Structure formats: structure tokens, C-alpha cells
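The exercises below ask you to read a structure step by step, from the whole chain down to single residues. Please work through each task before turning to its solution.

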Amino acid sequence: MPAPTIGFIYPDHAAEDDYPRAEALLDARLPVAHIYGTDLHAVPELLDLGSPEKLRHGAAQLAPYRPDAVVWACTSGSFVYGPAGAREQVRGLSEAAGVPASSTSFAFVAAARALGVRRVAVAASYPEEVARLFADFLADAGITVAGFASAGIETAAEVGTLDAGQVLELARADDHPEAEALLIPDTAMHTLEVLPRLEATLGKPVLTANQVTIWEGLRLAGVARTSPALGTLFAERPAYVGS
């Protein structure tokens, strides 16, 4: 059976090197197409970034790869639309790409359900106004946010400069004892290389944006892959529960 191809539409440039890192660990092709706009973490700019026109452009760039599924690799640029708007966003993307589609926001929900996680802590890089919209998105999906923190970082470019030590410190500071998992929702943050250390430090699953985005794409393609280097989500072969 040939390796699946999962296409990702990634905004601007920040931590897209997480994708070739994962590709080296998984028997899958993970091409990335870039779309561009301001990288400001603010509602109007994020609505523009996730617009149908921009996502259609990303889908067109991915078409030569003949992907089995496509994922909008942006958390804030999907949850900012609200649950109904985000569903319409991925419906339009699927129509444009001609294959199943999803987004990072829905990937977080699917991953939490797959692991049986109902109570989470959120360590968000965004300003609080934007980060609260992610908490609302999770709540709508029946996920309780036991702990919530916002780092107040205004641009994706700045998030992309955080090193492993800073990501670890963010996780330590923002975890909550009642949370069954910690969620770190920004695809601009480099997290794949530090995932095992994050989980060892906190003693619980950690779900990060690029990690769940890749897992979601494989799920949509009907493919299961394991790699302990990519955290609990990829170590346990969890079965997705839900629609």
C-alpha cells in the first residue's frame, strides 16, 4: 500500500519545519502549502487569514501532490469563526480540494476524544481575547477547560522564535492539576521536538497544534501511524470517538 499523502495549508512562515520532522518519523508524505496575510493574533486579521479565497488558493497549490486529505494548519484562523463557521470553513475547503478536510481546531477536539480526555488545561500563546475563543470552541465540543492561560504574544513570528526551554516553561506554568491533558494551540510554535520532554515533565498527555494537525490528516485518510517521539497521541493508536 503506498504511503498516504496529507496536504497542509500553513499560514505564512514560523514552525512549518515541524512537518518534515514528522514526515521523517511517519510513513507518510506531508507536503505544506503556504498562504499569506498579516501574522497578527487579532480577530479581523484572523478572519481574513482563514477566508475561503485564501484556503482555495492553498488547496490549488496542494493539488499536484494528489493528497488523500487536506488540513488547514491554523488554530486561531479556524476557531475564530466559531463552531458553525469553522464547520463551514472546512466544508468549503473539502469542496475546493476534492478530498476530506479539517482544521487544527477540530483536530484538537478529535484528539482529545480519541484519548478519552474531558478536562484540559490550555496554554495559549495568543492575546487573551483570541485565546478565550479557543476555550469557547472547546466548551462547545463538550471539553471542560479546567485551567486557562494566555501568554499575550501578538504575532505568529514571535511565537516561532520560542525555543524548547521556553515552551517547556510555558507548559509548566500553565498546566492545571485537574486537567487530564495540556493543550498548546498554536501552529506557529515549534513543539514536536520537545513533546516527549513535555509529557515526561507534566506526567500527562500534551496535545500541540502541529502534532494534532498531522494526526487529524492521517485520521481523515483512514491511516493509523505510531511514533513515541510524537507523544501519547501517536504512541497509543487511539480510536476516534465521535462524528
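**Exercise 1.** Determine what share of the residues in the protein chain is buried, and how the overall dimensions fit a globule.

Solution. Buried residues, meaning those under 20% relative accessible area with a 1.4 Å probe and only protein chains counted (exposed is over 50%, partly exposed in between), make up 55% of the 243 residues in the protein chain. The model is a predicted one, in which local features need pLDDT of at least 70 and side-chain atom pairs count only at pLDDT 80 or more, whereas totals for chains, interfaces and linings use all residues. Residues are numbered from 1 along each chain as its sequence is written, and side-chain values use heavy atoms, with hydrogens and water left out.

Next, take the radius of gyration, computed over C-alpha atoms and compared with a globule rule of 2.2 Å times the number of residues to the power 0.38. For 243 residues a compact globule would have a value near 18 Å, and the protein chain has 16 Å, which agrees. The C-alpha trace spans about 45 × 40 × 35 Å along its principal axes.

Finally, consider contacts, defined by heavy atoms within 4.5 Å: of those between residues at least 6 apart in sequence, 75% join residues at least 24 apart.

**Exercise 2.** Identify the residues with the most contacts inside the largest nonpolar core, and the helix that gives the most to this core.

Solution. A nonpolar core is a set of buried Ala, Val, Leu, Ile, Met, Phe, Trp, Tyr and Cys residues joined through side-chain atoms within 4.5 Å. The largest one has 83 residues, and Leu 198, Leu 207 and Ile 214 have the most contacts inside it. Helix H6 (residues 104–114) gives the most to this core, namely eight residues; helices (H or I, at least four residues) and strands (E, at least two) are DSSP runs numbered from the N terminus, and the protein chain has twelve helices and eight strands.

To look at one of the core residues, set aside residues up to four places away in sequence: Leu 198 then touches Val 167, Leu 168, Ala 171, Ile 184, Val 206 and Thr 208.

**Exercise 3.** Describe how H6 is covered, and follow the chain through the residues on either side of this helix.

Solution. Begin with Ser 103, which is found in strand S4 (residues 101–103) and counts as buried because its relative accessibility is 0%. Beyond its neighbours within four places in sequence, Ser 103 is in contact with Val 71, Trp 72, Ser 78, Gln 89 and Val 90.

In H6, ten of the eleven residues are buried. Phe 108 lies in this helix and is buried, with a relative accessible area of 0%; leaving aside neighbours within four places in sequence, its contacts include Thr 75, Phe 134, Leu 183, Ile 184 and Leu 207. Just after H6, Gly 116 takes a positive phi of about 70°.

**Exercise 4.** Are Asp 12 and Arg 66 buried or exposed?

Solution. Asp 12, in the loop between strand S1 (6–11) and helix H1 (18–23), counts as buried at 15% relative accessibility. Arg 66, in the loop between helix H3 (52–62) and strand S3 (69–72), is exposed, with a relative accessible area of 72%.

Now turn to the backbone. Most residues other than glycine have a negative phi. The phi of Asp 12, however, is positive, near 55°, and Arg 66 has a positive phi of about 50° although it is not a glycine.
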